[in-house]
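I opened the model to look up a few residues, the ligand shell and the core. My entries follow in the order I made them.

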Amino acid sequence: MSGLTAVHRAESRRREDEGLVRALRTHQVDAIVGDRDVMLVRLREAEDNLKSSRNQLRALAASLLSVREEERTAIARELHDEFGQALTSLQLGLSWLSRNAPAGQRPLHAKIRSLTITTTSLIQSVRTIASELRPGVLDELGLADALKAAAREFAHDTGIRCVFKTNTGKVRFDRRAAIAVFRIVQAALTNAARHAHASSVVITLMRSKTGLNVTVMDNGKGIARKLIDSQTSIGIAGMRERAFSLGGTFTLGGSSSKGTILTVRIPLSRAVIGKAV
Ligand SMILES: Nc1ncnc2c1ncn2[C@@H]1O[C@H](COP(=O)(O)OP(=O)(O)O)[C@@H](O)[C@H]1O
Ligand SMILES: [Mg+2]
């Protein structure tokens, strides 16, 4: 009898243990499933936060870029008006002096001549700085012709062959888009001259049914991949932000055998005014 009781007791203890193990397992699974849910929610929150701060940063970058363009325009105007006018009146004064100084005073005439040369070169510098600050050519010539002029100037200044190709014809570009594209190409040309050791650069401005495609290719040493996304590549980051601020895409790549190629694509609706012809 006592043996039977012992078996019963053992059996009921086994059942109790099993029940306990089952309960523990279920709880643990519950806890694990609960943790996973919590983690998923947290992850989603973190992703949302990241996305919204990325959007905020992008908006900030876009507004900084437009403020910078406005400031540049103001400085360019001031330089042109204030300095340009003062230097022109200096030049006129020197020319008056040269006509009216006594003919025998050779050192005086030599001094006037050298001051005239300095003034003329200052006027030229002010003009160059003003037009670099605010590409007036953009308003006067339109984007395609302004880029053509920039390519010619680049070749003249650096001795690097530079070709510009376009199919945009008489398209009227949106002003913001034109400024952005012009600045991107300017920065890419400066990089090609400064870093690439290239002998030739090709710029293209091509319109397709849906977008405006801009490329700048050089045949130089190529750009190291890690530099493309590096935080210290401020110039590249600026180009990328300009493209993004117009809802566009930006890629930079290449290799030591092929050189560097920059590609920017802007939706036609943001690049062109009215109906594209
Ligand atoms: N066309 C290019 N060919 C080779 N290297 C380039 C080219 N453009 C940029 N780089 C490299 O990428 C770096 C970052 O460029 P950027 O952001 O414009 O800054 P910065 O021109 O002031 O150095 C450059 O210092 C250079 O090493
Ligand atoms: Mg640069």
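**Ser-233.** I looked up Ser-233 and found it in the loop between α6 (225-228) and α7. The model is a predicted one. I counted 17 C-beta neighbours inside 10 Å, so Ser-233 goes down as partly exposed, since a buried residue needs 20 or more and an exposed one has 12 or fewer. Leaving out residues up to four places away in sequence, I list Leu-227 and Ile-228 as what Ser-233 touches. I also checked Ser-233 against Ser-125: the two are 108 residues apart in sequence, and their C-alpha atoms are 28 Å apart in space.

**Ligand 1.** Ser-233 came up again here, as one of the closest residues to ligand 1, with Asn-191, His-195, Ala-196 and Gly-235. I have 15 residues surrounding the ligand. Which elements give two or more residues to this shell? They are α5 and α7. The largest share, five residues, comes from α5. Sorted by class, I get six nonpolar, six polar and three charged residues around ligand 1.

**Helix α7.** I went through α7 for burial and noted Ile-236, Met-239, Arg-240, Arg-242 and Ala-243 as buried. Looking down the axis of α7, I find these buried residues within an arc of 160 degrees, so they line one face of the helix. Two arginines, Arg-240 and Arg-242, are on the buried list.

**His-197.** I found His-197 in the loop between α5 and β2. Its phi is positive, about 55 degrees, although His-197 is not a glycine. I noted this because most residues other than glycine have a negative phi. His-197 has 13 other C-beta atoms within 10 Å, so I enter it as partly exposed.

**Nonpolar core.** The largest nonpolar core has 45 residues. Which members touch the most other members? I have Leu-143, Leu-147, Val-181, Phe-182, Ile-184, Val-185 and Val-201. The elements that each supply at least two residues are the helices α4 (143-158), α5 (175-196) and α7 (234-244), and the strands β1 (161-166), β2 (200-207), β3 (211-218), β4 (249-255) and β5 (259-267). The largest share of the core, twelve residues, comes from α5. That helix also gives the largest share of the shell around ligand 1.

I followed Leu-143 further. Not counting residues up to four places away in sequence, Leu-143 touches Leu-138, Phe-173, Ala-178, Val-181 and Phe-182.

**Leu-268.** Phe-173 turned up again when I checked Leu-268: their C-alpha atoms are separated by 9.5 Å, with the two positions 95 residues apart along the chain. Leu-268 lies in helix α8 (residues 268-271). I count 17 other C-beta atoms within 10 Å of Leu-268, so it is partly exposed.

**Whole chain.** I finished with the overall figures. The protein has eight helices and five strands, and from the N terminus on I read them as α-α-α-α-β-α-β-β-α-α-β-β-α. The C-alpha trace spans about 150 × 40 × 40 Å along its principal axes. I have a radius of gyration of 34 Å for the protein, where a compact globule of 277 residues would have one near 19 Å. Of the 277 residues, 23% count as buried. Among contacts with a separation of 6 or more, residues 24 or more positions apart account for 69%.

Terms used
Residues numbered from 1 in each chain as written. Chains lettered and ligands numbered in written order. Predicted model: local features only at pLDDT ≥ 70, side-chain atom pairs only at ≥ 80, totals over all residues. Core = buried A, V, L, I, M, F, W, Y, C linked by C-beta atoms within 7 Å. Helix = DSSP H or I, 4+ residues; strand = E, 2+ residues; numbered from the N terminus. Contact = placed C-beta atoms within 7 Å. Near = placed C-beta within 6 Å. Nonpolar A, V, L, I, M, F, W, Y, C, P; charged D, E, K, R; others polar. Arc of directions from axis to C-beta. Rg over C-alpha atoms; globule rule 2.2 N^0.38 Å.
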